[in-house]
Every structure is written in C-alpha cells, then in structure tokens.
Amino acid sequence: MWPSSVTEAEAVQESLRPRLDLTGPGPLRPSTVAGVDVAYAGDRLAAAVVVLDGTSLEVLEQVTVTGPVAFGYVPGLLAFRELPSLVEALERLTLTPGLIVCDGYGLAHPRRFGLACHLGVLTGLPTIGVGKTPFVGTFDEPGLPRGSWSELRLDGDVVGRVLRTRDGVRPVYVSVGDRMDLETACHNVLALTPRHRLPETTRAADRLCRRALADSLT
DNA sequence: GCGACAG
DNA sequence: ATCTTGTCGC
C-alpha cells in the first residue's frame with residue numbers, strides 16, 4: 001500500500017521514523033558502498049544503483065530499473081517518488097553494500113525522515129544523505145579548505161553538516177539516514193570525494209540512470 | 001497570509 | 001529533476 005496523497009505520505013513518514021536506529025557509530029569506510037539515483041523524462045523514470053569498492057572506488061556491480069513515475073514531486077516527500085524503483089534495483093543486487101549514499105537528505109528533513117532515512121528503514125542498511133543544494137535548516141558558510149564544515153541546524157537540533165569536499169567549491173549538505181552517525185558520515189563522504197565535489201557513488205549512479213533512461217526511450 | 005522548498 | 005550556449009578554469 002503506497003500513499004496516494006500528501007496527508008497519507010506524511011503519516012507514513014511519522015510511523016516509520018521510530019524504526020530508525022540512531023544509536024552507536026556507523027561503519028567507517030565499509031568495503032563496499034552503493035550510490036543510488038533516478039533520472040526523469042516526462043512520466044517515465046530510470047533508477048540506478050552502483051556498488052563501488054570502498055577502497056579503490058572501482059565499480060563492482062550495477063543495476064538499473066525503468067518504470068512510470070508514481071508520485072509527483074512534493075518537497076519533503078521525495079522518497080515516495082524515488083523509492084519504489086530504487087528498492088527494486090537494490091533487490092536485484094547480488095552484493096549487499098555496507099553503506100548506501102543517497103542523493104538528497106536524511107534527518108535534515110521537516111519531519112526528520114528524508115529519503116536516506118526511508119531507504120535505510122526499508123533495506124536495513126546504513127545510509128547517508130548528501131544534498132547538493134540547501135533544503136531545510138540554517139548554517140554558516142564553512143571554511144574554504146576541503147574538509148571544513150559547519151553545523152546544519154533545524155529548530156534547536158543539529159541535523160547535519162555543510163561540508164566542503166573541494167577547496168573553494170560549493171559545499172554539500174550531509175545528514176544521517178539510518179544506522180549511521182554524522183561524524184562517520186562526513187568521513188565517508190570525504191573518502192568518496194578524492195577529486196570531485198560529489199561522491200563517486202552519486203556520480204556513477206547519476207551517469208548510469210541517465211544512460212538507462214535514454215536507452216529506455218529508444 | 002506569503003514565500004520557500006532535496007530531486 | 002529537466003529545459004538550454006557559451007565560457008572560465010583545473
């Protein structure tokens with residue numbers, strides 16, 4: 001049963017939020033890391049999951065799924081638009097990644113249950129959210145050197161970090177999804193960004209879902 | 001009430 | 001997300 005209205009979807013988030021495991025530290029530099037992303041064209045979409053070796057960052061496995069868009073985009077409800085296809089792609093995976101890096105947010109969310117949290121609860125795997133643009137929360141501009149960061153706060157809580165992954169380049173917005181802690185999440189993001197602003201996982205998944213979408217339209 | 005708003 | 005040209009910089 002998938003929510004068919006904004007009200008229903010918000011209720012689902014509220015009901016799943018208690019299932020998050022936010023205790024203990026999350027895995028630091030797991031042996032395998034997965035990146036997920038979705039590309040759209042009208043009412044069609046293509047989802048991609050790419051598993052990389054946590055050390056060499058080489059591609060170990062990749063899966064794509066195409067289908068119809070099942071939920072319109074509503075800020076705060078992105079998960080209902082992307083999760084159906086992403087979960088299916090993850091199920092077709094042979095390997096079980098030690099961490100999943102999502103495009104978007106985790107705890108830094110209006111109801112503290114963004115895409116990364118939702119995917120974590122559904123898969124039982126550690127997840128983190130890496131957003132490319134601000135969504136919720138307030139923050140100060142982090143220092144210019146790579147590795148500099150500032151707190152992302154929402155109401156009185158620290159819900160994430162604004163992290164500089166490249167000297168003088170726009171920062172990314174990191175928040176915890178499930179089975180992960182903020183400090184470790186940032187260390188993982190830095191390990192995944194040896195030469196680009198965005199994690200190699202999201203770059204690989206982005207390229208793959210765009211190719212899959214183009215091919216599916218042929 | 002009005003505007004802003006991950007991808 | 002996607003629609004779009006040229007352009008600056010590593």
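A polar contact is a pair of N or O atoms within 3.5 Å; within protein, one of the two must be able to donate a hydrogen and the other to accept it, and residues adjacent in sequence count only if both atoms are side-chain atoms. The structure is a predicted model, in which local features need pLDDT of at least 70 and side-chain atom pairs count only at pLDDT 80 or more, whereas totals for chains, interfaces and linings use all residues. Residues are numbered from 1 along each chain as its sequence is written, chains are lettered from A and ligands numbered from 1 in the order in which they are written, and side-chain values use heavy atoms, with hydrogens and water left out.

**View 1. Polar contacts and surroundings of DNA strand B.** A polar backbone atom of Tyr 105 lies 3.0 Å from a base nitrogen of DNA strand B, and a polar backbone atom of Leu 78 is 3.2 Å from a base nitrogen of this strand. On the phosphate side, a polar side-chain atom of Tyr 73 is 2.9 Å from a phosphate oxygen of DNA strand B. In total 17 residues surround the strand, the closest being Tyr 73, Gly 76, Tyr 105, Lys 132 and Thr 133, where a residue is near a molecule or strand if one of its heavy atoms lies within 4 Å of it. Sugar or phosphate holds 46% of the strand B atoms within 4 Å of the protein, and the rest belong to bases.

**View 2. Surroundings of DNA strand C.** Ala 39, Tyr 40, Lys 132 and Arg 210 surround DNA strand C, and 100% of the atoms of this strand that come within 4 Å of the protein belong to sugar and phosphate. A polar side-chain atom of Lys 132 is placed 3.3 Å from a phosphate oxygen of DNA strand C.

**View 3. The largest nonpolar core.** This core has 23 residues, and those with the most contacts inside it are Val 101, Ile 128, Leu 163 and Val 174; a nonpolar core is a set of buried Ala, Val, Leu, Ile, Met, Phe, Trp, Tyr and Cys residues joined through side-chain atoms within 4.5 Å. At least two of its residues come from each of α3 (115-123), β5 (127-131), β8 (172-178) and α4 (182-191), helices (H or I, at least four residues) and strands (E, at least two) being DSSP runs numbered from the N terminus. The most is given by α4, with five residues. Beyond its neighbours within four places in sequence, Val 174 is in contact (heavy atoms within 4.5 Å) with residues including Gly 129, Leu 163, Leu 182 and Val 189.

**View 4. Aromatic side chains.** The whole structure contains five aromatic pairs, a pair being rings of Phe, Tyr and Trp (its six-membered ring) whose centres lie within 6.5 Å, with planes under 30 degrees apart counted as stacked, over 60 as edge-to-face and the rest as tilted. Phe 71 and Phe 80 form a tilted pair, 5.7 Å centre to centre with 40° between the planes. Phe 71 counts as buried because its relative accessible area is 9%, and Phe 80 is likewise buried, at 1%; buried means under 20% relative accessible area, exposed over 50% and partly exposed in between (1.4 Å probe, protein chains only). Elsewhere, Tyr 105, Phe 135, Phe 139 and Tyr 173 form one aromatic cluster.
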